[in-house]
Amino acid sequence: MLAIRIRARHRRALALTVVALLAGPSLAAAPATATTTDYDATYYKAAIGKSGTSLKSSLHTITRSQTKISYSAVWDALKVTDQDPSNSANVILLYSGASRSKSLNGGDTGDWNREHVWAKSHGDFGTATGPGTDLHHLRPEDVQVNSIRGNKDFDDGGSTVSGGGGSLTDSDSFEPRDAVKGDVARMIFYMAVRYEGDDGWADLEVNSSVNNGSAPYMGKLAVLKAWNDEDPPDAFEERRNQVIYDTYQHNRNPFVDHPEWVEAIW
Ligand SMILES: [Ca+2]
Ligand SMILES: [Ca+2]
Ligand SMILES: [Ca+2]
């Protein structure tokens with residue numbers, strides 16, 4: 001079922017690429033176009049046809065129904081969700097793109113650890129069971145690269161991050177490598193709809209700033225929207241969403257299924 005859906009999306013993406021090439025030499029990515037998924041008639045039934053705050057509210061109600069896992073259980077979950085498709089003994093590190101042994105999870109140089117893409121200080125949710133253990137924004141990352149990203153907001157620009165796979169950083173922001181820019185954006189947008197302040201955690205929102213610090217915000221909105229368009233969901237990201245849904249949390253990232261919903265809300 002999933003394989004069929006992925007192939008269908010890739011055919012659409014290819015068709016869109018041809019249209020974009022025929023349309024002219026613009027370097028701007030085309031906005032994400034409407035997609036259909038196997039879940040539209042079921043999981044997303046209440047959201048279909050909506051936009052703006054109505055869509056956001058609907059997606060919140062849908063995604064807040066989930067199973068939650070402990071922070072210690074996140075280690076083993078990431079070994080499944082982020083498994084290297086070419087080597088089942090390894091995980092792929094988000095920013096660096098490296099393939100590293102699953103057994104090297106830990107805190108030492110050369111290890112990988114649990115990166116909170118929505119920095120856990122932004123809203124101060126820590127690692128208690130909740131947003132701090134939500135697999136939809138937790139990814140394996142090299143210990144030192146994770147430390148360099150720190151709690152910076154996302155924006156374009158900066159100098160090359162050592163071991164960062166082409167990621168850039170400056171004093172107040174981080175730019176992931178191109179292949180995961182959309183993944184990062186869709187994780188941030190998921191957090192903004194999933195957490196609305198009604199379940200004991202901060203209402204997380206995307207804004208247009210950097211230096212958000214411990215405020216429950218993440219920037220920059222315009223950059224994240226562009227990244228969503230430039231880097232559409234691929235098979236790795238879609239499989240990850242499916243594994244979280246089937247095996248761990250039983251909720252989905254709506255923006256992996258429907259990247260055009262970013263534009264429909266923001
Ligand atoms: Ca900056
Ligand atoms: Ca990607
Ligand atoms: Ca929110």
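Modeller: One definition before we dig in: two strands pair if DSSP finds at least two bridges between them. Also keep in mind that this is a predicted model.

Biologist: Okay, with that cut-off in hand, in which sense do β6 and β9 pair, parallel or antiparallel?
Modeller: Strand β9 covers residues 173-175, and one of its residues, S173, is the bridge partner of D153. DSSP needs at least two bridges for a pair, and β6 and β9 have two. The sense of their pairing is parallel.

Biologist: Which strands stand at the edges of the open sheet that β6 belongs to?
Modeller: The sheet is an open one of four strands, with mixed pairing and the order β6-β9-β8-β7. An edge strand here has a single partner strand, so one side of it is left without a neighbour in the sheet. The two that fit are β6 (153-154) and β7 (159-160).

Biologist: Let's step back a bit. How many helices and strands does the protein have, and what share of its residues is buried?
Modeller: The secondary structure comes to nine helices and eleven strands. Of the 266 residues in the protein, the buried share is 42%.

Biologist: Among contacts between residues at least 6 apart in sequence, what percentage join residues at least 24 apart?
Modeller: One example of distant sequence positions meeting in space is M218 and A119, which sit 99 residues apart in sequence with their C-alpha atoms 8.4 Å apart. For the contacts you ask about, the figure is 60%.

Biologist: Since you mention M218, is that residue buried or exposed?
Modeller: M218 lies in strand β11, residues 217-218. Leaving out residues up to four places away in sequence, M218 touches W118, H122, D153, I188, V206 and N212. A residue needs 20 or more C-beta neighbours within 10 Å to be buried. M218 has 28 of them, so the verdict is buried.

Biologist: And how does T61 in helix α2 count?
Modeller: Helix α2 runs over residues 52-63. T61 and R194 are 133 residues apart along the chain, with 8.0 Å between their C-alpha atoms. Because T61 has 14 C-beta neighbours inside 10 Å, this residue counts as partly exposed.

Biologist: Which residues of β5 are buried on the side that includes P140, and which on the other?
Modeller: Strand β5 (residues 138-142) has five of its five residues buried, so the rest of the structure largely encloses this strand. In a regular strand the side chains alternate between the two faces of the sheet. For β5, one side has L138, P140 and D142, and the other has R139 and E141.

Biologist: Which residue in β5 is the bridge partner of H116?
Modeller: Strand β4 (residues 112-116) pairs with β5 in the antiparallel sense, over five bridges. In β5, the bridge partner of H116 is L138.

Biologist: Now helices. What do the buried residues of α6 pack against?
Modeller: Helix α6 spans residues 221-230, and its buried residues are L221, V223, L224, W227, N228 and D229. They pack against β6, α5 (181-194), β10 (205-206) and α9 (260-265).

Biologist: Last one: how many nonpolar, polar and charged residues make the contact of α3 with α7?
Modeller: The axes of α3 (residues 71-81) and α7 (residues 235-248) come within 10 Å and cross at roughly 135°, which makes α3 oblique to α7. Their crossing is right-handed. The contact is made by A77, V80 and T81 of α3 together with R240, V243, I244, T247 and Y248 of α7. By class, that contact has five nonpolar, two polar and one charged.

Key. Residues are numbered from 1 along each chain as its sequence is written. Chains are lettered from A and ligands numbered from 1 in the order in which they are written. This is a predicted model: local features need pLDDT of at least 70, side-chain atom pairs count only at pLDDT 80 or more; totals for chains, interfaces and linings use all residues. A residue is buried if 20 or more other C-beta atoms lie within 10 Å of its own, exposed if 12 or fewer, and partly exposed in between; C-beta atoms are placed from the backbone. Two residues are in contact if their C-beta atoms, placed from the backbone, lie within 7 Å. Axes are lines fitted to C-alpha atoms, for helices over the stretch in contact, and angles run from 0 to 180 degrees between N-to-C directions. Angles under 35 degrees count as roughly parallel, over 145 as roughly antiparallel, 65 to 115 as roughly perpendicular and the rest as oblique. A crossing is left-handed if the near helix is turned anticlockwise from the far one by less than a right angle, and right-handed if clockwise. Ala, Val, Leu, Ile, Met, Phe, Trp, Tyr, Cys and Pro count as nonpolar, Asp, Glu, Lys and Arg as charged, and the others, Gly among them, as polar.
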